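Reader: I would be grateful for a close look at a single part of this model, namely one loop and what it leads into. Please proceed from individual residues to the packing around them.

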Amino acid sequence: MTRIQYQECIDACMKCMDACNYSYVSSLKEYDLADLRESIQLDRECADICSYAIQAMTRRSPFVAEILKLCADICDRCADTSSRHQHNHCQECINACRNAAMACRLVSEAVEVYA
């Protein structure tokens, strides 16, 4: 596991966390709030797990592989849910979530090889 791979994953998680937080706040201002309910909930969950994944990587947690797998799953779920909506903030969230999911899986698999 190289420091660069870790940093790329941390950066992707940070962008995802920011995009999900922005989408969360923006969704609360939309008129179709009821339609966005699941997306709002997943935006929060995704932002929180990305934050936790960043912490796990920076402190070299022995559970980092498992945390990153969970993070990737939640990021994918958030992206899938956001894809039901055409709002700009949802579209930005999709891209950030997909990138973070891919980065988390790559690092998670690499960590397991070195374990």
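**From the loop into the helix packing**

Author: Arg60 counts as exposed, because its relative accessibility is 53%, above the cut-off of 50%. The model is a predicted one, and the values below are computed from it.

Arg60 is placed in the loop that lies between α2 and α3. Its backbone also deserves attention: the phi angle of Arg60 is positive, at about 55°, although the residue is not a glycine. Most residues other than glycine have a negative phi.

The two helices on either side of this loop may be taken next. Two packed helices are described by the angle between their axes and the distance between the axes. The axes of α2 and α3 come within 9 Å and cross at roughly 155°. That angle lies over the 145 degrees that serve as the limit, and α2 is therefore roughly antiparallel to α3. The crossing of α2 past α3 is left-handed. On the α2 side, the residues that meet α3 include Glu38, Asp43, Cys46, Cys50, Ala53 and Met57; on the α3 side, the partners include Val64, Leu68, Cys71, Cys75, Arg77 and Ser82. Sorted by class, the contact of α2 with α3 comprises 16 nonpolar, three polar and four charged residues.

α3 also packs against α1. The axes of α1 and α3 come within 12 Å, with a crossing angle of roughly 40°. The two helices are therefore oblique to each other, and the crossing of α1 and α3 is left-handed. In this contact, Tyr6, Cys9, Cys13, Cys16 and Cys20 of α1 meet Val64, Leu68, Cys71, Cys75 and Cys78 of α3. By class, the contact of α1 with α3 holds 10 nonpolar residues and no polar or charged ones.

Cys71 is a suitable residue from which to view both contacts. It belongs to helix α3 and is buried, because its relative accessible area is 0%. Beyond the neighbours within four places in sequence, Cys71 is in contact with Cys13, Ile49, Cys50, Ala53 and Cys104. Between Cys71 and Tyr52 the C-alpha distance is 8.7 Å, at a separation of 19 residues in sequence. Seen from α1, Cys13 has Cys50, Ala53, Ile54, Met57, Cys71, Ala100 and Cys104 as contacts, again leaving aside neighbours within four places in sequence.

These contacts lead to the nonpolar core. The largest such core has 38 residues, of which Cys13, Cys16, Cys46, Met57, Cys75 and Cys97 touch the most other members. Two or more residues of this core come from each of α1 (3-27), α2 (37-58), α3 (64-82) and α4 (88-114).

Further along α3 lies Ala79, which counts as buried because its relative accessibility is 0%. Apart from neighbours within four places in sequence, Ala79 is in contact with Ile94, Cys97 and Arg98. Ala79 and Ala34 are 18 Å apart in space, C-alpha to C-alpha, and 45 residues apart in sequence.

A last residue, in helix α1, is Ser27. Ser27 counts as buried, because its relative accessibility is 0%. Not counting residues up to four places away in sequence, Ser27 touches Leu33, Leu36, Ile40, Asp43 and His89. Ser27 is thus buried, whereas Arg60, the residue at the start of this account, is exposed.

Notes
Residues numbered from 1 in each chain as written. Predicted model: local features only at pLDDT ≥ 70, side-chain atom pairs only at ≥ 80, totals over all residues. Heavy atoms only, no water. Core = buried A, V, L, I, M, F, W, Y, C linked by side-chain atoms within 4.5 Å. Buried < 20%, exposed > 50% of the residue type's maximum accessible area, 1.4 Å probe, protein only. Helix = DSSP H or I, 4+ residues; strand = E, 2+ residues; numbered from the N terminus. Contact = heavy atoms within 4.5 Å. Axes fitted to C-alpha atoms, helices over the stretch in contact; angles between N-to-C directions. Parallel < 35°, antiparallel > 145°, perpendicular 65-115°, else oblique. Left-handed = near helix turned anticlockwise from the far one by under 90°. Nonpolar A, V, L, I, M, F, W, Y, C, P; charged D, E, K, R; others polar.
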